[in-house]
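Thanks for asking me to look this one over. Here are my notes, set out point by point so that you can follow along in the viewer.

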Amino acid sequence: MKKSYWKMVLRTVKGSLSRFIAILAITALGVGFLTGLLCTAPDMKNSVDRYYDENSFMDIDLKSSMGLTGEDLEAVAAADGVLAVTGVYQTDALAELASGESGAGRFLAIDFSAGEAEAVNSLTLTEGRYPEKAGECVQIVVDPFSEYASVGDVVIVTPEEDDEDLFVETELMVVGLVTSPLYMSTDAESSSVGNGSVAAYFYVDRQEFDTEIYTDFFVMLTDAAALSTFTDEYDDLVDDGVTTLEDLGGDAASRSLGESDWGSLG
């Protein structure tokens, strides 16, 4: 009975071989598409997580409305669960090229001489070199097909009224191009300068800004790299880190006669 059944199956297949092959191909194609779709989200998450780990992407962005000091930086660096922290001052200002093109520029200042370009949110130099003094900057390339400036260009900075005395030099030479995990999307971020959208992002050396305070601390947590960014375990680790820093900020505020604490954590 079983032998007769298989003979009948084979006879049926041979009798309509082209139709059988077509159905098999259509089924295989559908399975392939479904498998690809099911793998897309995990693969994209794994790729982003690997990129974050390779470039030391921050786990927490700590901000303060009152400004952050060097003492605050030391306190955060010594806090439980903190692996590394980089102090940054960032501000927006009108950035105009010698060609006449202008737009809102976001400027971030770190200490390049101390190796902070390779610390938290590490930069990858793609052309030129890093700034070595005031009057120099590197541009973050977000979209390689629409670079705002090139190496050798001069960016003329027009600060906002509150930042008139912040920039040591208002003409910045672009000495390099970099990529940064901070800015991967081509969607422009909002700004209070210009037309309301950031046109270009720049890093300058701390010498360029005439201030001793910071606006942000970029914080990396211990053991965070071992976890996927898109898991509940990672979220729990970050929540614990935020709680620790909030407590630390409360202590700092108490010592400062009730002035503002860290402000916001993200």
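**Notes on the aromatic pairs, salt bridges and surface**

1. Phe-112 and Tyr-203 are both buried. This is a predicted model, so please read every value below as computed from it. The two ring centres lie 6.5 Å apart with the planes at 85°, so Phe-112 and Tyr-203 form an edge-to-face pair. Phe-112 sits in the loop between β3 (102–110) and β4 (124–128) and Tyr-203 in strand β8, so the pair links distant parts of the chain, 91 residues apart. The structure has 10 aromatic pairs.

2. Another pair to look at is Tyr-183 with Tyr-201: their ring centres are 4.0 Å apart and their planes meet at 25°, so this one is stacked. Because Tyr-183 is in the loop between β7 (171–179) and β8 while Tyr-201 belongs to strand β8, the pair ties together parts 18 residues apart in sequence. Tyr-183 and Tyr-201 are both buried.

3. There is also a cluster of rings, in which ring pairs link Tyr-89, Phe-107, Tyr-148, Phe-167, Phe-202 and Phe-209. Tyr-148 is worth selecting here: this residue is in the loop between β5 (136–140) and β6 (154–158), and a relative accessible area of 8% makes Tyr-148 buried. Computed along the sequence, Tyr-148 and Glu-101 are 47 residues apart, yet their C-alpha atoms are 8.6 Å apart in space.

4. Turning to charges, the model holds 6 salt bridges. One of them joins the side chains of Asp-216 and Lys-63, at 2.5 Å from N to O. With Asp-216 in strand β9 and Lys-63 in strand β1, this pair ties together parts that are 153 residues apart in sequence. Asp-216 is buried at 1% relative accessibility, whereas Lys-63 is partly exposed at 31%.

5. Arg-106 and Asp-92 also meet in a salt bridge, with an N to O distance of 2.8 Å. Arg-106 is in strand β3 and Asp-92 in strand β2 (residues 82–97), so the bridge ties together parts 14 residues apart in sequence. Both of these partners are buried.

6. For Glu-136 and Arg-129, the salt bridge is 2.8 Å from N to O. Glu-136 is buried, at 7% relative accessible area, while Arg-129 is partly exposed at 32%. Shared partners also join salt bridges into a network made up of Asp-61, Lys-63 and Asp-216.

7. Which residues have a positive phi without being glycine? Ser-56 is one of them, with phi near 50°, and Asn-121 has a phi of about 55°. Most residues other than glycine have a negative phi. Ser-56 lies in the loop between α2 and β1 (60–68) and counts as buried at 19% relative accessibility, the cut-off being under 20%. Asn-121 is in the loop between β3 and β4, buried with a relative accessible area of 1%.

8. Finally, the surface. Leu-17, Phe-20, Ile-21 and Leu-24 make a nonpolar patch with about 380 Å² of accessible area together. Ile-21 is in helix α2 (residues 17–54) and is partly exposed at 46% relative accessible area. A negative patch is formed by Glu-160, Glu-161, Asp-162, Glu-164, Asp-165, Asp-210 and Glu-212. Within that patch, Asp-210 is in the loop between β8 (198–205) and β9 (214–221) and is exposed, at 58% relative accessibility.

Methods: Residues are numbered from 1 along each chain as its sequence is written. This is a predicted model: local features need pLDDT of at least 70, side-chain atom pairs count only at pLDDT 80 or more; totals for chains, interfaces and linings use all residues. Side-chain values use heavy atoms; hydrogens and water are left out. Patches are made of residues with over 30% relative accessible area and no salt bridge: like charges are joined within 9 Å, nonpolar side chains (Val, Leu, Ile, Met, Phe, Trp, Tyr) within 5 Å. Accessible areas come from the Shrake-Rupley method with a 1.4 Å probe; for residues, only the protein chains shown count as cover. A salt bridge is a side-chain nitrogen of Lys or Arg within 4 Å of a carboxyl oxygen of Asp or Glu. Lys and Arg count as positive and Asp and Glu as negative; His and the chain ends are not counted. The place of a charge is taken as NZ of Lys, CZ of Arg, CG of Asp or CD of Glu. Helices (H or I, at least four residues) and strands (E, at least two) are DSSP runs, numbered from the N terminus. Buried means under 20% relative accessible area, exposed over 50%, partly exposed in between (1.4 Å probe, protein chains only). Rings of Phe, Tyr and Trp (its six-membered ring) pair if their centres lie within 6.5 Å; planes under 30 degrees apart count as stacked, over 60 as edge-to-face and the rest as tilted.
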